[in-house]
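Got the viewer open? Here's a short walk through the model, one selection at a time.

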Amino acid sequence: MKINYRQLSIITFMSFIALKFLALPSLLYLESKNMSMFVSLALMIIDGLYVFVILDLMKKSGEKNIYEFMKNCLGTMLTKIILILLILKYALVVGNISKGLEFFVVENLYSEYSWFVFVLPLMILIGFMVYKGVRNIARVSEMVCWAIVIGLIYIALKALSGIDLLSFLPFFKDGVQPLFNSAYIHLSWFGSATFLFMLFGFVDFRSEKKSKMIKYVIFAILIVQLLYFVFYGLFEITSPTHNYCISDISQFSSTYSAINELSWLVVSMWIVAQAVQLALYSYCLAQALKFLFDIKGNILPIIIVILYLFMWSFIGENTVRMERIFFSSFASIVTLIAQYILPIILEIVYAIKNKTKRNKYKIERVKDERKEKNRDKKEIEVNI
Amino acid sequence: MKVDAVKTLNEIKRKLHDSGDVKSRTVQFFGTQISLCYIAPITDNELLNNTLIYPLINFSDEIKGKDIVDILYDKVLANQEVTIFTDLQSAVDKMLAGNTLILVDCAEKILGCDIEKITVRAVAEPPTSVVIKGPREGFTESLKYNLALIRKRVKSDDFVVKMLELGKMTKTQIAVVYYDSIADKEVVKDVLKRLNSIKIDGVIDSHYLVSYLQRNKNSLFKQVGDTEKPDILVGKMLEGRIGIIVDGSPIVLTLPFILLEDLQNSDDYYTQPIRVTFVRALRLVGVILAVLLPGVYIALELYHYKILPTEFLITIMNSTQGIPFSPFIEILFVILLFEILYEANIRMPQYFGMAMSIVGALILGETAVNAGLVSPPAVMIVALSGITFYIIPGQASQFSILRLLGVVIGATLGIYGILLFCVFILSYLSNFDSYKSAYLAPTAPYIEEDQKDSYMRKTIDEMKKRPRSISNNKENNNRR
């Protein structure tokens with residue numbers, strides 16, 4: 001059940017835009033003000049570079065899954081610790097997407113209804129997609145990707161005329177320090193390449209075209225930047241009060257009206273994107289749980305993930321604010337290790353292990369050659 | 001086996017429970033008694049007289065010392081398709097398929113002569129695949145004629161026909177047809193294995209085989225393709241598919257099947273590519289409207305009326321004012337009415353058709369609206385959705401169920417539910433791999449080369465390769 005390189009590129013694209021159009025732009029503005037776009041741009045570029053680092057590891061792992069690969073490189077104990085970190089990362093993303101979806105749905109589409117009505121079909125869908133595996137998620141992403149992209153571009157372009165370019169000036173008024181602070185605090189909203197760890201052994205590299213992945217990553221970065229440009233241009237200093245970027249752009253843009261607007265249907269496409277992203281990270285979470293506890297079948301980890309998803313429905317808005325604070329501290333460390341440090345460590349350990357192996361092989365070969373020479377000498381002496 | 005012209009004849013009649021249509025004739029051939037046994041309704045009487053009885057009576061060559069059976073085989077029936085049987089059961093089986101048995105007294109073999117009377121309707125344009133341009137020939141209920149229609153188009157030694165017999169009671173002839181160098185050998189093997197393992201008392205129509213050939217038995221979605229036209233079948237075989245022809249059925253099954261096939265039409269290949277691309281886009285929109293329109297309408301009316309532009313909202317509100325039912329019941333009522341009218345219409349004698357349309361569309365629809373039972377938008381929405389079903393007739397029954405599901409989901413969960421429903425369907429279909437071919441190919445997985453004949457169509461000369469969406473012999477992928 002492998003996925004091809006194009007499908008991998010598309011789910012990478014989906015992962016890159018996941019979480020970006022919810023509360024992130026308003027949170028970024030708190031520290032980095034009108035330079036927030038630079039923070040997201042820089043972090044997304046770094047994420048993009050890490051995609052290729054992890055892909056390189058993936059190729060080196062061959063048919064091995066991440067657990068086997070890490071066990072070979074780092075040993076069982078360290079592997080389990082790293083898996084716990086990855087589980088935390090995936091769990092945070094799943095929680096964040098599900099909460100984002102909840103607010104998007106309840107606040108924008110069903111203000112009089114409880115989320116509990118809507119979470120059950122979502123659980124069924126996610127459970128089904130995760131059960132069917134990554135190929136299923138990849139194929140669905142392939143089909144819905146362009147509809148989502150068209151929807152996003154439509155929203156951005158329609159609101160483009162309402163933005164004030166002067167609001168971006170002056171550049172770097174408070175220096176670059178706030179940008180670094182903002183980048184670290186909100187690191188957990190990035191790390192979009194971490195999902196790749198759970199795809200080790202599931203990608204068919206025969207059709208590999210690096211340019212394809214580069215195009216999709218650049219495209220994702222451009223779309224996010226376009227939406228952020230529109231968002232900050234529209235809301236300027238009021239940006240921190242707009243917690244749902246995608247719906248707020250449509251709702252408060254001067255070219256839209258709050259009601260009687262058919263473009264809400266386009267905005268609704270975002271639900272599809274969220275569902276697919278949720279399925280992707282739920283799959284990663286289930287896989288990581290499976291590896292950590294050495295669970296044989298797929299059902300048990302899926303049930304755990306689905307129940308976890310359901311659990312988020314009980315978390316109210318205040319708790320979510322707390323969770324965001326939590327996100328800004330603990331989660332940043334998790335992301336820092338899981339995405340930015342782990343691949344480098346794995347690359348180094350793999351290189352050292354390979355070098356040692358190669359040296360061992362060389363030494364053994366030299367020994368064998370010597371032995372053969374000695375044997376030949378003895379044979380000659382015996383013959384004489 | 002020792003044949004006794006009279007005793008064996010009686011044994012055959014006894015075997016067939018003295019059926020009234022089993023007839024026999026006895027002639028003397030150089031002093032030896034010969035009985036001819038046949039089933040009258042399926043035997044060509046004229047051929048029987050001219051090619052069997054007349055030559056037997058008038059044969060005057062020297063036969064000194066020769067075996068009568070050999071003389072019959074070599075000389076009297078030299079122009080006929082003759083089979084030699086050494087056991088009675090296989091001879092009777094063949095007789096039931098239209099052979100006339102020749103029972104020569106004291107011989108050790110029975111001869112069977114194929115003079116079957118083929119009762120078949122004329123080759124005509126099938127009502128389900130009417131074309132404006134292109135061939136109008138359609139398959140009939142005769143396997144022989146159907147094979148002839150294919151052979152007429154296929155003059156290659158690469159074309160293979162594998163004959164099977166299925167059905168304990170009906171002993172129906174099945175032909176599996178494909179191009180040896182194009183079809184995927186594994187798929188051919190798999191199809192033949194599945195067909196050979198079928199245990200059934202009768203195969204009345206090709207659709208009897210469908211459930212044996214499809215992987216997901218209880219699925220709503222079609223997994224085996226079908227066609228009533230030889231040109232379509234040959235086109236599909238040239239892409240690597242396999243055809244299954246069943247004697248007695250004008251519908252030929254094709255495998256592997258992908259969803260896109262139903263979006264294509266034989267007309268498409270005889271029309272300008274730009275027009276085809278436009279029409280295919282229309283069909284796709286039609287599918288979306290057919291399945292989702294009533295559900296989306298209910299969702300908008302019940303939950304998201306704020307989304308609608310003001311003028312549109314006012315029009316709908318004016319139209320729905322005073323309707324005693326909720327939008328859900330209203331739409332459900334109109335859908336039910338539509339489905340009943342549809343069922344009645346297709347089974348009703350043709351001369352009632354026009355009256356039915358008038359009663360259904362004008363009187364029932366108009367009266368229901370005037371009486372204030374249903375609103376005009378509800379009628380319009382269901383009618384539009386109903387009409388768009390038949391843009392893709394092959395999937396109409398599935399769409400009808402999906403539409404009902406869409407209505408229920410739209411009424412309970414609104415737009416959110418409809419969107420999740422769409423993702424669920426896509427996810428469900430993504431797993432449907434039929435005989436090594438992905439059901440949603442070439443969209444998911446995306447196959448660039450096959451886009452030349454997917455939602456758009458390029459000219460025939462640009463389609464240099466066979467589609468990769470269908471499992472075929474990849475080494476013989478070039479159409480040139």
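Which strands of chain B does helix H5 (residues 143–153) lie across, and at about what angle does H5(B) run to S7(B)? Select H5(B) and look: the helix crosses S6, S7 and S9 of chain B, and its direction is about 10 degrees from that of S7(B). Keep in mind as you click around that this is a predicted model.

Now add helix H6 of chain B, residues 185–196. H6(B) also packs on the sheet, where it touches S6, S7, S9 and strand S10 (252–255) of chain B. Its direction makes about 175 degrees with that of S7(B).

**The sheet itself**

Hide the helices and colour the strands. You should see an open sheet of five strands in chain B, in the order S6-S7-S9-S10-S8, with antiparallel pairing. Strand S6 (159–166) and strand S8 (225–227) of chain B sit at the edges, each pairing on one side only. Going from one strand to the next, the twist averages 25 degrees.

Zoom in on S7 (residues 172–179) and S9 (residues 242–246) of chain B, an antiparallel pair joined over four bridges. For a landmark there, pick B:Ala175, which stands opposite B:Ile245 in S9(B).

**Into the core**

Next, select A:Val276 and A:Leu285. Of the 207 residues in the largest nonpolar core, these two touch the most other members. Helix H11 (residues 264–293) of chain A is the biggest giver here, with 18 residues. Over in chain B, domain 2 (143–257) and domain 3 (269–430) both give residues to this core, so it lies between them.

What is A:Val276 in contact with, leaving aside its neighbours within four places in sequence? Within chain A, the list is A:Met14, A:Ile137, A:Val140, A:Ser141 and A:Val144, and from chain B comes B:Val423.

There's also a second, separate core, made of 26 residues. To find it, select B:Leu9, B:Ile34, B:Ile102 and B:Val104, which are among its members.

**Where the chains meet**

Last stop: show both chains and pick out the residues in contact between them. Chain B puts 26 residues against 29 of chain A. On the chain B side, helix H10 (310–320) and helix H14 (396–430) are the elements that give two or more residues. The largest share, twelve residues, comes from H14(B). Colour this side of chain B by class and you get 17 nonpolar, eight polar and one charged residues.

Terms used. Residues are numbered from 1 along each chain as its sequence is written. Chains are lettered from A and ligands numbered from 1 in the order in which they are written. This is a predicted model: local features need pLDDT of at least 70, side-chain atom pairs count only at pLDDT 80 or more; totals for chains, interfaces and linings use all residues. Two residues are in contact if their C-beta atoms, placed from the backbone, lie within 7 Å. Ala, Val, Leu, Ile, Met, Phe, Trp, Tyr, Cys and Pro count as nonpolar, Asp, Glu, Lys and Arg as charged, and the others, Gly among them, as polar. A nonpolar core is a set of buried Ala, Val, Leu, Ile, Met, Phe, Trp, Tyr and Cys residues joined through C-beta atoms within 7 Å. A residue is buried if 20 or more other C-beta atoms lie within 10 Å of its own, exposed if 12 or fewer, and partly exposed in between; C-beta atoms are placed from the backbone. Domain bounds come from an automatic or database domain assignment. Two strands pair if DSSP finds at least two bridges between them. Axes are lines fitted to C-alpha atoms, for helices over the stretch in contact, and angles run from 0 to 180 degrees between N-to-C directions.
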